[in-house]
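Visitor: Could you take me on a close look at one single part of this model? I would like to see what surrounds it.

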Amino acid sequence: MLNEIKRLREEAKTEGNPVLRDESFELLLSTVKEVNPKSILEVGVNVGLSSVAMLCTCPNATLTGIEISEDCYNTANKNFKRFGVENRAKVFLGDASEIIPVLTGKYDFIFLDGPKGHYFEYLENLLSALNKGGVLFADNVLFRGYVLDEVKTPHRHATIKHSLENFLNRITTDKTLKTVLYKTEDGVSITKKL
């Protein structure tokens, strides 16, 4: 099953689809396997391949997702059917800024891979929705090396950089959270709610 997902990921990449990078994908799967969540929230479902991989890794989990692109949303639902997980996945089509504040569920695992400039804006609602002992896995937190000033930030990316700096500051200084930052690829943070 994972080989088929990997094949589809390669196809998606050749079509220019921004799927999770390979090392980050492996880190996501090893983390979700370790946490073994019953409930997953994914912000930025894309074509659903990470969703499917998480559901296949955790056969007792259900997934709630948010996706703004109608084309990606439709493809994700096709992929859920293709892998037989459609009864365990429910995706909302729309803007995460509007959907996250009205979510009523509680989650053991949250995968954040939506618009980077909104990570800090989403954070309080996501932490409220995260169960104690739950994990928030965020991708692209170092955004092309701009966030740790390894690369000079173009003016057009200043807002994204600022949001991610605030996001990282919050998750690394809060005593109720334990965060590990990986410099793998575009940066991943894994935060456990204590």
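Guide: Happily; what follows is a walk around strand E4 and one of its residues. This is a predicted model, in which local features need pLDDT of at least 70 and side-chain atom pairs count only at pLDDT 80 or more, while totals for chains, interfaces and linings use all residues. Residues are numbered from 1 along each chain as its sequence is written, and side-chain values use heavy atoms, with hydrogens and water left out.

Strand E4 covers residues 107–112, and because 6 of its 6 residues are buried, it is largely enclosed by the rest of the structure. Buried means under 20% relative accessible area with a 1.4 Å probe, protein chains only. Strands are DSSP runs of at least two residues, helices of at least four, and two strands pair if DSSP finds at least two bridges between them.

E4 pairs in the parallel sense with E1 (residues 39–43) over 4 bridges, and here Val 43 stands opposite Leu 112. E4 also pairs with E5 (residues 130–139), again parallel, over 5 bridges; there Phe 111 stands opposite Phe 137.

Now to Asp 108, which is found in E4. Asp 108 is buried yet has no salt bridge, and Lys 38, the nearest side chain of opposite charge, is 6.7 Å away. A salt bridge would need a side-chain nitrogen of Lys or Arg within 4 Å of a carboxyl oxygen of Asp or Glu. Still, the backbone nitrogen of Lys 38 lies 2.9 Å from a polar atom of the Asp 108 side chain.

Notes. Buried means under 20% relative accessible area, exposed over 50%, partly exposed in between (1.4 Å probe, protein chains only). Lys and Arg count as positive and Asp and Glu as negative; His and the chain ends are not counted. A polar contact is a pair of N or O atoms within 3.5 Å; within protein, one must be able to donate a hydrogen and the other to accept it, and residues adjacent in sequence count only if both atoms are side-chain atoms.
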